[in-house]
Structures are given as C-alpha cells and as structure tokens.
Amino acid sequence: MGIELNRRRFLSTTASVVGLTAMGGLLSACGGGAQQATGANSDALKSALPSYVPSNAIKADIAAVAGGPDVMTDPGFLTYPSNRIATVSGIPGKGGRYTTVTPLWGTIPPADNSFYQAMNKALGVTLDMKPADGNNYATIVPTMTAAKKLPDWIQLPAWWSSNFSLGELAGTQLADLTPYLSGDNIKKYPNLAALPTGAWQSGAWGDKLYGIPSFSTGFSIAGTTFFRRDVLDAKGITADQVKSADDLMNLGKELTDAKGGVWAFDDVWTYMFPAWNVPLKWKVDNGKLVHKYEMEELLDALDWHYKLATSGYLHPDAIAGDNTNAGVRFYSGKTLIGGGGGGAWNLSDHQSGTAANPNYRRGAFNFFTADGKGDAVIEMGASTRILSYLNINLKPEQIEELLAVANYLAAPFGSAEYTLINFGVEGVHHTMVNGVPTATEEGKKNVQATTYPFLAAPSAVISNPGGDVVTKDYTAWQAANVKYLRKPVFWNMNISLPRSMATADAAQAVEDAIKDCYHGKKPVSEVKDAITTWKSSGGDKLIQWMDENVLQKYGTGQ
Amino acid sequence: MSTVDTEPPARKSGRLSLRVRLRRDRSLLLMTVPAVALLLVFNYVPLFGLLTAFQDYNPLVGVWNSEWVGFDQFEYLFNDSLFWGSLGNTLYLSFVQLVLFFPIPIALALLLNSVLSERLRNLIQSIAYLPHFFSWVLAITIFQQMFGGAGLLNQFLRSNDISTWDIMTNPDTFVLLVTSQAIWKEAGWSIIVFLAALAAINTDLYESSAVDGAGRWRRLWHITLPGMAGVIMLMLVLRLGNALTVGFEQFLIQREAVGHEAADVLDTFAFYYGIATNNYSYGAAAGLFKSVISLLLIWGANKLAHAFGEDGLYRK
C-alpha cells in the first residue's frame with residue numbers, strides 16, 4: 001500500500017466503491033424552497049477567506065511547480081522524511097470530549113482501541129470516533145440531519161452535498177467558522193493556514209466559512225488519458241507523438257490486434273472531451289452563460305467517440321459497460337490506452353501492474369487539443385471535495401479547541417504529528433522498515449488511513465516508497481501539464497439549486513444518451529434530440545436561473 | 001406432506017369460537033409472530049413513505065414538513081416519455097418471460113420426476129439449483145466471459161476468421177438475452193415447488209391407472225397435470241401479480257451494455273430518475289404507480305383462478 005492516502009488516490013478508491021466519478025462538478029442541488037445562491041467570490045467572502053501562509057517545515061524531494069493563479073503541482077517525496085519535525089508545540093486540547101463521524105471504506109476499528117487512546121493523549125481531548133460505513137453514508141447522514149442530531153464534528157464529502165442539502169445545513173446545523181479563521185485569525189493555526197485558499201473556498205457557503213478541508217490540491221483535475229508506457233516504449237512510440245485526436249485514433253489502429261485479444265482503447269470519454277474545448281459544465285461567451293450541452297464542440301467530441309466505439313479499437317467489454325475490470329484489462333495488456341483519475345497513478349497500481357507484467361509502467365499523454373492547434377485548456381475541479389464541519393451547538397471555546405485539534409491533524413507530510421496520525425505510535429503500531437513506516441499487526445487492526453485525516457489533513461503530496469518510478473513519472477507529468485490548467489467558471493463555488501432545477505442539472509436522460517453514443521449505440525443526432533428535450537423540459541430554465549442568480553450576482557469566480 | 005384431497009382443518013374450525021381457536025392454536029400463532037413482525041416492520045411500516053409521492057420531499061426537513069404537491073409528480077410522470085418507455089419494456093419483458101420461462105421449470109420437474117435413479121436425480125437437481133446462488137453480477141460476468149465481444153465464443157470465431165456475433169450489447173435481442181440469463185439462473189430453483197406438488201400426488205392413482213392400461217402420456221395428462229394444476233395456477237397468479245417486477249440488478253448491470261432505452265424497466269427508472277438524482281418523490285410516484293397496477297393484476301389473476309375453479313392465492 002501507499003504510504004499515505006492523498007486526496008485523489010482516495011477519490012479513485014471511493015469512485016469505484018460508490019460508483020461516482022470524482023468529476024469537478026460544481027453544482028450541488030439543495031433541498032427546500034430556500035433559493036439561496038451562494039457564490040464564492042463575493043467581496044464579502046474575499047474578506048472572509050483565511051490568509052495563506054505556506055509551510056516550509058519539511059522540504060519535498062521534488063518541489064511543487066506553480067502554474068497559473070491557484071494552480072500548482074503536488075510536491076513529491078522519494079523517501080519518508082526521517083527527522084520527525086514537530087509543528088505543534090504543546091498539547092492542542094483542553095480536555096474536552098467530542099463525538100466525530102466520518103465515512104470509512106474499510107473495516108471499522110474497535111472502539112477505544114490503543115491507537116485512539118494514543119491520539120486522544122496527543123490531542124488533549126477525547127474524540128469519540130465513530131467511523132460509519134462509507135457505502136451507506138449518503139443515507140446515514142440525512143437521518144441525523146432530519147433529527148437535528150449531528151455529532152460535534154462530521155465529514156460531509158462534497159459529492160454528496162445535494163444528498164445532504166448542505167446549503168441549508170450551513171448556518172442552521174453547521175457552525176460558521178469565519179470569526180475564527182478569516183484573514184489573519186487563521187495564523188493562530190499555522191497548519192491550517194498552510195492549506196491553499198481554494199480549499200477554504202470550496203467549504204464556503206454564502207460569504208462564510210464552514211468546511212475544514214482535507215487532501216486539498218492545486219492540481220485538481222478529473223483525470224487524464226493513460227497509456228501502457230512499457231508497451232508503447234517497446235514499439236518506439238512516445239507520448240508527445242500524439243498531438244491531436246486524429247493521431248490518437250491512428251495510434252489505436254496501430255495498436256489494436258483483436259485476434260490477439262488486444263484492443264487499443266478502454267473508455268476515454270470522461271477525460272478526453274475537454275480536448276474539444278468543452279467545459280466541465282459552464283462557459284461564459286460574450287457575457288452570456290452557456291451550458292456545455294448547447295455547444296457544437298460537445299457534439300464534435302461525441303462524434304469522434306462514436307467513431308471510436310464503432311471502429312473496433314475499443315475493447316468490447318468497455319462497450320458492454322464493464323468498468324470494474326478496466327484495471328485488469330490494462331494490467332494484462334488487453335487494453336493499452338484508457339481514461340482514469342489522477343489517483344490511478346500510485347504505488348498500489350504499480351504493484352498490481354508489475355505483478356501482471358514486470359515491465360509494467362503507466363504513462364499519460366500530455367493534454368492536447370482535438371485538432372492539434374493551440375494549447376489545451378483543462379478546467380480544474382474543486383480544490384477539495386473532502387470537508388469536515390463543526391456542530392452549530394458548540395460553544396466558541398469548544399470550536400477553538402477543535403480548530404486547534406484540526407491544526408494538529410493538518411500537520412504536513414512527514415512531520416511527527418503526521419506520522420502519529422497516519423501510522424500510530426512507533427514500536428506499537430508501526431516500525432521503520434527501510435526508512436518507511438510499516439504497520440504492525442496492532443497497527444493494521446486499529447490505524448485506518450481515513451479516520452482522523454477525514455477531519456482535517458494537509459495538502460496532497462505524491463509519495464510512493466518503493467516505487468520511485470511512479471513518483472518521478474507522476475510529478476514530471478504534472479510539471480509538464482500544469483500550464484494547461486485553468487480555473488473554470490464558478491470554480492470552487494457552492495451553489496444551492498432550487499429543487500425544481502436539480503433534475504435539469506442532473507440531466508440523467510442526456511447523460512444516458514451521451515453514454516449510449518460513446519459506446520456506439522446511438523448516433524450523435526439522438527443525443528441532439530435528448531438535448532432538445534432537456535432544454536424544453538427544464539434545461540433552458542436552469543441556464544436562465546444560473547445566469548440571473550449566480551453569474552450576474554456573483555460573477556464567474558475565476 | 002398432506003395429499004391433495006385432504007380436507008383442510010380450517011374448514012372444521014369455523015364452528016369453534018375465536019377464543020377456543022386462539023387457545024388451541026396459540027403455539028402455532030406464537031411461531032408466526034417473528035414472521036409477522038418482520039412483515040410489519042419491513043413491508044407495512046415503509047408504506048408510510050408512499051406519502052412522499054404526493055410531496056416535493058426534502059429529506060432534510062422530513063416527511064411532515066415537506067411541501068405537498070398533490071398529483072404533480074404523477075402529472076410529470078405521465079408526461080415523461082422515458083417512463084412510458086420503461087413501462088413498455090417491463091410489460092414486453094414480462095410477457096416474453098411468461099411465454100419462454102414459465103413452462104420450463106414445469107417441464108424440468110416432470111422430466112426429473114421420471115428419472116428413477118435417486119442418485120442421478122439428486123445430482124441433476126443440485127447442478128440445476130447451483131446458478132440460483134450466484135449473484136447477478138457473477139451470472140452476467142460469466143455470460144460476458146462466454147458470449148461477450150472479447151469472450152470465449154467470439155475470440156474463437158475471430159481466430160477462425162468468422163464474423164463475430166454481438167450477443168451482449170445488442171439492444172434488439174436484449175429481451176432474449178435477459179430471458180435466457182433468467183432461465184439459466186432461476187429455472188432450476190423454480191422446479192422445487194413443482195417437485196413438491198408432484199410428490200403430493202397419490203401414487204395409488206398411478207398404479208391403478210397402469211393396471212387399467214393407461215400409458216405414460218395418459219397418466220401424465222389425467223393424473224400428473226391435474227395434480228399439479230393448483231400449484232401451477234398459484235404460480236401463474238403470483239407471476240401475473242409480479243408482471244411489473246422483472247428484476248432490478250440484472251438490468252442495472254447491463255444498462256450500459258445495451259443502452260437505457262432497451263434496459264430501463266420500472267424499477268431502474270425509479271432508481272435513475274428518482275433516487276439517483278435526489279428526486280425521491282418522483283421515484284416514489286413511479287413506485288406507487290407500479291404497486292397499484294400490480295395489486296390490480298394480482299386481484300384480476302386471482303379472480304381468474306377462482307373462475308377456473310382453482311384455489312389461486314386462497315381458497316374461496
């Protein structure tokens with residue numbers, strides 16, 4: 001396993017569990033008639049956002065590379081930092097007792113175990129940890145909110161914001177953290193101050209701060225198009241030879257050998273369509289808000305994917321919608337090119353791949369435009385989608401105590417605190433093997449990588465001990481592509497849609513038609529029909545509503 | 001096991017007072033309490049949730065505080081072409097399954113009943129039961145591995161330069177695919193109830209008819225089939241009552257393979273266009289519509305059974 005769970009790796013795990021792709025969707029539907037649209041770039045929010053004070057406590061082996069505004073690659077670590085720097089002096093808590101609820105995709109550790117006890121001692125509070133089954137989380141939480149019985153501290157992942165009606169919870173059941181964190185107030189919590197501003201924005205509703213971010217990143221992309229670097233290298237093909245959609249299609253032809261059971265492609269749509277200059281969802285054209293469904297470019301992108309599906313270069317199992325085995329097909333060399341979240345590029349992928357083929361090496365194409373002209377524009381998703389919240393019923397001193405605890409939990413990668421949070425006590429829960437903290441039996445039983453880090457965690461880093469090639473490849477690819485990343489319209493803005501708009505926003509019928517098209521079952525014209533129906537049955541109203549209530553009032557947020 | 005012509009005890013007890021019957025049957029009644037409780041908790045209490053079909057349900061404020069919208073959800077539903085498409089698919093699938101699937105377990109049971117070696121019979125039975133215990137995910141994976149575009153059959157065809165056969169992703173033949181999957185998975189299990197009916201037939205009848213010179217087919221026609229008629233009718237009534245329930249997972253899993261237009265049935269419709277998009281009330285409306293029609297169907301089928309002089313769900 002990887003030494004730490006960075007944000008995107010986590011997302012790729014949960015995506016397979018809950019069947020959600022970690023797309024940078026920015027809209028969240030909210031319940032009730034409360035039609036508040038809450039923008040993240042209102043002037044009031046700008047003054048509420050915390051100051052950003054990067055931490056220099058621990059130096060990365062491969063430094064982060066800055067791109068445009070709010071864009072930055074994740075730093076890389078080839079070894080686990082050996083000098084355990086403590087970033088928090090003293091004990092943060094004052095002896096309070098609090099209940100926490102976080103989703104967990106894994107075995108629930110026993111209550112009051114040795115790891116929890118060690119953490120409570122270090123934190124100076126008693127956190128009553130209640131991890132809940134991640135697969136049922138979206139249905140567990142609404143029962144608590146309906147009864148107005150939220151725990152003191154809870155993780156509410158943003159991809160479920162609409163399930164949780166988060167826009168309505170903010171300020172009614174969740175505490176406003178603005179007075180404690182805005183501007184220079186955050187300097188009281190240096191590890192929280194080191195989290196990027198965008199991450200705080202993604203936890204803001206209205207002009208107030210609510211969410212405490214975990215696993216934030218400045219390189220937030222939905223994913224990219226990967227290829228089997230070992231196979232392509234052997235054929236003398238390099239990534240930068242592919243400069244357009246045509247190049248990719250030709251490569252597909254060259255690589256496909258159906259008789260030999262090899263098809264060039266697995267599904268690529270989700271991460272390829274931006275090559276046609278299609279936005280994640282919204283675009284502003286001459287001051288007018290445009291939905292991607294209204295764009296010719298989307299149809300062009302679909303046309304190419306329809307051709308791909310009917311060309312015979314796309315694996316039949318992908319056409320049959322079998323996504324769960326996409327990894328196996330890729331490892332076994334039955335497919336050579338496929339889309340995936342950035343989280344796919346990690347140590348466990350490397351281990352699975354090399355188990356199937358010792359030469360296995362993952363690579364990714366640099367972003368290109370479909371026609372091969374100009375620079376690609378890749379729109380970023382939210383800075384984080386993992387946010388925790390405090391209960392509104394907590395007293396100010398209790399909130400301060402928990403923020404001090406959050407500050408401890410957000411200690412940077414490799415610090416003394418980070419090591420305790422992620423690996424437990426040395427000698428009890430882990431031992432150092434070749435410089436890498438390695439779990440003991442006690443550690444395997446009690447230390448789950450996603451309990452405390454789901455309350456607060458530092459920004460993502462890339463670290464794959466024992467798989468240096470992964471860290472080097474991934475950081476190099478990020479550095480080469482950081483220049484293409486842009487903030488999309490409504491970036492990091494939380495928008496509560498009225499319930500009547502939520503169905504149009506989800507646009508299930510159009511998304512179904514799109515899927516049928518890129519699997520070669522429906523020509524583009526039928527997607528066009530579905531879009532026409534969508535527009536008349538709520539789509540146009542949605543666009544108008546977004547234009548009037550969000551764009552005109554709050555701007556683009558870019 | 002009682003024989004078919006035994007007078008049921010319920011008839012005789014009609015003359016006793018309720019108190020006496022309660023006392024006499026108290027152990028039996030006690031034994032049914034857990035099942036009844038289960039039914040109450042998981043089938044009757046959730047009926048309360050049907051209220052949401054008449055609301056714009058918001059989970060945050062709960063059922064009591066959600067806005068009442070009357071029949072609005074049903075109005076949207078009946079104007080939704082996707083809903084009618086799913087209903088059409090459901091009815092079509094149900095009809096095809098009734099014609100192709102329903103007779104198979106009966107035939108299998110008769111066939112199995114004619115096998116004399118008990119050992120062989122048990123073996124066949126066990127093999128036939130086995131797929132029932134597979135989940136749909138596994139069953140469909142097996143089909144995909146065998147008949148998929150990259151499966152055993154097509155790779156064989158490909159390696160012999162024969163054109164491939166699109167079985168798993170062809171929307172036009174999807175109905176045959178799902179029916180054959182259902183037969184493979186469930187036909188073996190469904191024979192149990194028919195075997196039980198066969199076992200209940202008095203063997204003396206066969207002996208005396210054989211003595212009278214009746215051949216194999218005559219015995220089948222005049223003894224076996226009439227002996228099974230009650231059970232067949234009961235199963236048919238249940239099948240008709242469940243005509244709008246053709247399965248969920250099987251379609252959910254294969255929805256991407258053939259597209260939503262071929263694969264959406266009422267249950268997946270309620271899931272994708274209701275629950276998955278947080279439009280709970282819409283899903284509830286679709287579900288309620290299905291339940292009402294199902295109730296009418298089961299009532300009608302039961303009437304029909306009684307008209308034919310059979311028991312149906314209960315004895316008239």
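**Close-up views of a predicted two-chain model**

**View 1. Helix H18 of chain A is largely enclosed by the rest of the structure, because 7 of its 8 residues (416–423) are buried.** The model is predicted. The buried residues of H18(A) are Glu417(A), Tyr418(A), Thr419(A), Leu420(A), Ile421(A), Asn422(A) and Phe423(A). Their cover includes three helices of chain A: H3 (114–123), H17 (396–409) and H19 (441–446). Strands S17 (430–433) and S18 (436–439) of chain A are also part of that cover. Gly424(A) follows H18(A). The phi of Gly424(A) is positive, near 75°.

**View 2. Leu409(A) sits among the best-connected members of the largest nonpolar core.** This core holds 202 residues. Those that touch the most other members are Leu302(A), Ala406(A), Leu409(A), Val510(A) and Ala286(B). Helix H23 of chain A (residues 524–554) gives the most to this core, with 12 residues. Leaving aside residues up to four places away in sequence, Leu409(A) touches Ile421(A), Tyr452(A), Pro453(A), Leu455(A), Ala456(A) and Ala457(A). One of these, Ile421(A), is also among the buried residues of H18(A). A second, separate core has 7 residues. Among them are Ala109(B), Ile191(B), Met228(B) and Val231(B). In soluble globular proteins, nonpolar side chains tend to be buried together.

**View 3. Five strands of chain A form an open sheet with mixed pairing.** The strand order is S4-S3-S5-S16-S8. At the edges are S4 (126–133) and S8 (212–214) of chain A, each paired on one side only. Neighbouring strands are turned by 20° against each other on average, direction ignored. Within the sheet, S3(A) (residues 97–104) and S5(A) (residues 153–155) run parallel and are joined by 2 bridges. Val101(A) stands opposite Ile154(A) in S5(A). In a regular strand the side chains alternate between the two faces of the sheet.

**View 4. Strands S11 and S12 of chain A form a hairpin with 2 residues between the strands.** S11(A) covers residues 282–285 and S12(A) covers residues 288–291. The two strands run antiparallel, joined by 4 bridges. Val284(A) has Leu289(A), in S12(A), as its bridge partner. Asn286(A), in the hairpin, takes a positive phi near 50°.

**View 5. Chain A and chain B meet through 32 residues of chain A and 27 residues of chain B.** On the chain A side, the elements giving two or more residues are helices H4 (137–146), H5 (161–164), H14 (316–319), H21 (499–506) and H22 (508–518). H22(A) gives the most, with 5 residues. By type, the chain A side divides into 10 nonpolar, 12 polar and 10 charged residues. Residue counts describe this contact here. The size of an interface is often given as the accessible area lost when the parts come together.

**View 6. Chain A is divided into two domains, each built from two sequence segments.** Domain 1 takes in 7–219 and 383–481. Domain 2 takes in 224–379 and 498–554. Their C-alpha centres lie 30 Å apart.

**View 7. Chain B is divided into domain 1 (1–70) and domain 2 (72–307).** Their centres, taken over C-alpha atoms, are separated by 27 Å. In the contact between them, 13 residues of domain 1 meet 12 residues of domain 2. The domain 1 side divides into 7 nonpolar, 5 polar and 1 charged. Chain B has 17 helices and 2 strands. Its C-alpha trace spans about 70 × 65 × 35 Å along the principal axes. Of its 316 residues, 29% count as buried. Among contacts in chain B with a separation of 6 or more, 66% join residues 24 or more positions apart.

**View 8. Gln97(B) lies in helix H6 of chain B (residues 81–100).** Gln97(B) has 19 other C-beta atoms within 10 Å, so it counts as partly exposed; a buried residue needs 20 or more. Not counting residues up to four places away in sequence, Gln97(B) touches Thr179(B), Ala182(B) and Val246(B). Val246(B) is 149 residues away from Gln97(B) along the chain. The C-alpha atoms of Gln97(B) and Val246(B) are separated by 8.6 Å.

Note on methods. Residues are numbered from 1 along each chain as its sequence is written. Chains are lettered from A and ligands numbered from 1 in the order in which they are written. This is a predicted model: local features need pLDDT of at least 70, side-chain atom pairs count only at pLDDT 80 or more; totals for chains, interfaces and linings use all residues. Two residues are in contact if their C-beta atoms, placed from the backbone, lie within 7 Å. Ala, Val, Leu, Ile, Met, Phe, Trp, Tyr, Cys and Pro count as nonpolar, Asp, Glu, Lys and Arg as charged, and the others, Gly among them, as polar. A residue is buried if 20 or more other C-beta atoms lie within 10 Å of its own, exposed if 12 or fewer, and partly exposed in between; C-beta atoms are placed from the backbone. Domain bounds come from an automatic or database domain assignment. Two strands pair if DSSP finds at least two bridges between them. A nonpolar core is a set of buried Ala, Val, Leu, Ile, Met, Phe, Trp, Tyr and Cys residues joined through C-beta atoms within 7 Å. Axes are lines fitted to C-alpha atoms, for helices over the stretch in contact, and angles run from 0 to 180 degrees between N-to-C directions.
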